[in-house]
Amino acid sequence: MTDQLLQQITECAITPALKLLPDKMDTPEARVMMLAIGLQESRLIYRVQVSPNMPSMKGPARGLWQFERGGGCVGVLTHKATREQAKKICVALDVPADSGSVWAELEHNDILAAAFARLLLYSDPQPLPRMNDPMAGWRLYALRTWRP
């Protein structure tokens, strides 16, 4: 993993996505969590879920943050804390605000993927973990939001 890739993802996906969301959602903690989760989910290179044992088979998750149609897509589109912002993101990016359309677009639209990743984090009622607390970050990711 190179610093160049992290910078590219930040500049081309995360920053533009956060500009479409309320200013309060753009924090250093949010950016760190988004990069960490993207690295965990896809190494920030796979836009379609792959299996290490069978790389030619596509899994059900799409986008750099690996959202499933019936999981994260539906969750962000329907959660009371995120649904209005999710609709605004879809309008801004000219994507129909339904789980099938969002899911299909995530494979090709890194800004949409980053926005939905931030919204999924926002759906958690607890504050984002401090950057010096990796276990809190892991609990947010593994136990409360992505739940791999």
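A search of the whole structure, which is a predicted model, turns up four aromatic pairs. One of them brings Phe67 and Phe116 together edge-to-face, with 6.3 Å from centre to centre and 75° between the planes. This pair ties together distant parts of the chain: Phe67 sits in strand 3 (residues 67-68) and Phe116 in helix 6, 49 residues apart. Both of these phenylalanines are buried.

Phe67 has another ring partner in Trp146. Here the centres lie 5.8 Å apart and the planes meet at 80°, so this pair, too, counts as edge-to-face. Again distant parts of the chain are linked, since Trp146 belongs to the segment after helix 7, 79 residues away from Phe67 in strand 3. Trp146 is buried, just like Phe67. Taken as a group, Phe67, Phe116, Trp138, Tyr141 and Trp146 make up one aromatic cluster.

Now for the surroundings of Trp146. Setting aside neighbours within four places in sequence, Trp146 is in contact with Ile37, Glu41, Trp65, Gln66, Phe67, Ala117, Leu120, Leu121 and Tyr141.

The same aromatic residues turn up again in the nonpolar interior. The largest nonpolar core has 38 residues, and those touching the most other members are Ile9, Ile14, Trp65, Phe67, Val102, Phe116 and Trp146. At least two residues of this core come from each of helix 1 (3-19), helix 2 (28-42), helix 3 (69-78), helix 4 (83-92), helix 5 (99-106), helix 6 (110-122) and helix 7 (134-145). Helix 6 gives the largest share, nine residues. In soluble globular proteins, nonpolar side chains tend to be buried together.

Note on methods: Residues numbered from 1 in each chain as written. Predicted model: local features only at pLDDT ≥ 70, side-chain atom pairs only at ≥ 80, totals over all residues. Heavy atoms only, no water. Core = buried A, V, L, I, M, F, W, Y, C linked by side-chain atoms within 4.5 Å. Buried < 20%, exposed > 50% of the residue type's maximum accessible area, 1.4 Å probe, protein only. Helix = DSSP H or I, 4+ residues; strand = E, 2+ residues; numbered from the N terminus. Contact = heavy atoms within 4.5 Å. Phe/Tyr/Trp six-rings, centres within 6.5 Å; stacked < 30°, edge-to-face > 60°.
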